[in-house]
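Please open the model in your viewer, keep the sequence panel beside it, and be ready to select residues one after another. The stops below go from the whole chain to single residues.

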Amino acid sequence: MRAGYFPELGVAEFRSDMPEPQIRYDKDVKIRIRKCGICGSEVHALHGMHPFRIPPVLSGHEFAGDVVEVGKGVTKFKPGDRVTGEPQYGCGECYYCKHGMYNLCTSKRVLGASYKVPELDNGEWTGSMGEYIVVPEKTVVKLADNVSYEEGALIEPVANGIYAVRRANITPESTVAIIGCGPIGLGDLIGAQLYGPKLIVAADVSEINLKMAREFGCKNVVDSSKQDLEEVISELTDGVGVDMVFLGFGNEAVLEQACRIVRRGGTVHQHALMLEGGQLVQHALMEDGIGFPYRIHQQHELSFKAYNMYKYEEFELICDEIARGRISGLERMVTHRYPIEEFKQAMEMADKRPEPVVKVMLDF
């Protein structure tokens, strides 16, 4: 099958001869990929900076496509269904799985990652940068007829933000700030808007990210390289600060800034991107060992919440809201599109970023 492949560190190549995954279990669903987004974690895999996406690996986990085959125990899907899917599942037996926290399962498997565990399919779950994937039925989500493949492939990055927002208790009286308006921060913005808070402020230093925040309907967009975010927030909240801050970007300075712009008794929500010298080094993580503003945290009685991916219901919710028209225009996140045959060029764009990039999409 056709695929984008990392045969070794630093090498991204198109292959037309990769093994095609096959149904092995009764509840398996085989999907032909139509669209696949490139995540920051694939850039990390390319450079050997990801703990589970370890070359040689066929990665990818932001996808949409068509069901082509189902196991004999599958009841919810049939060939021809247009679908996306949650690219993770837990073991089903541990404390976390039994208490509904399968996203925290210590044996969780993630699509397009290698685990070096021989008893688990030789330790690899072939990812969506290949023409076909095989996934458990419980991870598959059907797309409504008016939801495009590209929108379907964008549900995964948006789900990270929606997962955090749904647990933040946003009301029409809430005030919200978002620092970092890449795909995850935009997910925070899109999700927060569903709850109608009276104030949302989105901040970034990237011109294209700021443009995206405006296009997604944020009226208070702050270029932190030119404006003092603390002053802006103080003015908009009569000196109180916002109720909550979502981190779509993170380093030590931003973390302290978040604690300064949130009101006393407020909450900082962390699923941030960590950068050093302008280069992405972690996806949805802040690096261990960075300084934490303990004094402000204690004196202001702040809460600090962190999030690990999402759950199936986020995917269902986003699909439904796109179909209903309450979430629209997700395709505008895609700044670059490449056929899978140009995988090397697509990865170079996502990695080197010679021009402004938000999301790179692969087309099969």
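What follows is a tour of a predicted model, beginning with the chain as a whole.

**The whole chain**

Show the protein chain as a cartoon and colour it by secondary structure, which comes to 10 helices and 19 strands. Along its principal axes the C-alpha trace spans about 60 × 40 × 40 Å. A compact globule of 364 residues would have a radius of gyration near 21 Å, and the 20 Å of this chain agrees with that. If you colour by burial instead, buried residues make up 57% of the 364 residues. Among contacts with a separation of 6 or more, 69% are between residues 24 or more positions apart.

Turn on the surface next: the protein chain exposes about 15,900 Å², of which carbon and sulfur atoms supply 47%. For the charges, the chain has 40 positive and 52 negative ones, and the mean positions of these two sets are 4 Å apart.

**The largest nonpolar core**

Which residues have the most contacts inside the largest nonpolar core? Select I170, L189, F216, F246, I318, L330 and M333, which hold that place in a core of 49 residues. At least two residues of this core come from each of α3, β10 (175–179), α4 (183–194), β11 (199–204), α5 (207–215), β13 (242–247) and α9 (312–324). The element that gives the most is α3, with 9 residues. A second, separate core has 40 residues, including F6, L46, V74 and Y89, and may be shown in another colour.

**A164 and F246**

Stay with helix α3 (residues 149–166) and select A164, which is found in it. A164 counts as buried because its relative accessibility is 0%, under the 20% cut-off for that class. Leaving out residues up to four places away in sequence, A164 touches D188, F246, H271 and Y307. The partner F246 is 82 residues away along the chain, yet the two C-alpha atoms are separated by 8.3 Å.

Now centre the view on F246 and display its surroundings. With residues up to four places away in sequence again left out, F246 touches A164, V165, A168, I170, V176, A177, I178, I179, D188 and H269. D188 is thus listed among the contacts of F246 and also among those of A164.

**Helix α5**

Move to α5, and select I208, N209, L210, M212 and A213, which are buried. An α-helix has 3.6 residues a turn, so residues three or four places apart point the same way. Against what do the buried residues of α5 pack? Display α4, β11, β12 (220–223) and β18 (334–339), since these are the elements they pack against. Just after α5, look at the backbone of G217, where phi takes a positive value of about 95°.

**R32 in strand β3**

Select R32, whose place is in strand β3 (residues 28–38). Is R32 buried or exposed? With 16% relative accessibility, R32 counts as buried, the cut-off being under 20%. Its contacts, apart from neighbours within four places in sequence, are with R2, A64, G65, D66, V68, E131, Y132 and F364. For a distance across the model, draw a line from R32 to L104, which is 72 residues away in sequence and 28 Å away in space, C-alpha to C-alpha.

**Loops and backbone angles**

Go next to the loop between α1 (40–46) and β4 (62–70), where P56 lies. The peptide bond from P55 to P56 is cis, with omega near 0°.

Then find E301 in the loop between α8 (294–299) and β17 (303–306). Phi of E301 is near 50°, which is a positive value in a residue other than glycine. E301 counts as exposed because its relative accessibility is 65%, over the 50% cut-off. M309, in the loop between β17 and α9, likewise has a positive phi in a residue other than glycine, near 65°.

End the tour at Q298, whose place is in helix α8. At 55% relative accessibility, Q298 counts as exposed. The C-alpha atoms of Q298 and G265 are 9.8 Å apart in space, while the two residues are 33 apart in sequence.

Technical notes. Residues are numbered from 1 along each chain as its sequence is written. This is a predicted model: local features need pLDDT of at least 70, side-chain atom pairs count only at pLDDT 80 or more; totals for chains, interfaces and linings use all residues. Side-chain values use heavy atoms; hydrogens and water are left out. Helices (H or I, at least four residues) and strands (E, at least two) are DSSP runs, numbered from the N terminus. The radius of gyration is taken over C-alpha atoms; the globule rule is 2.2 Å times the number of residues to the power 0.38. Buried means under 20% relative accessible area, exposed over 50%, partly exposed in between (1.4 Å probe, protein chains only). Contact means heavy atoms within 4.5 Å. Accessible areas come from the Shrake-Rupley method with a 1.4 Å probe; for residues, only the protein chains shown count as cover. Lys and Arg count as positive and Asp and Glu as negative; His and the chain ends are not counted. The place of a charge is taken as NZ of Lys, CZ of Arg, CG of Asp or CD of Glu. A nonpolar core is a set of buried Ala, Val, Leu, Ile, Met, Phe, Trp, Tyr and Cys residues joined through side-chain atoms within 4.5 Å.
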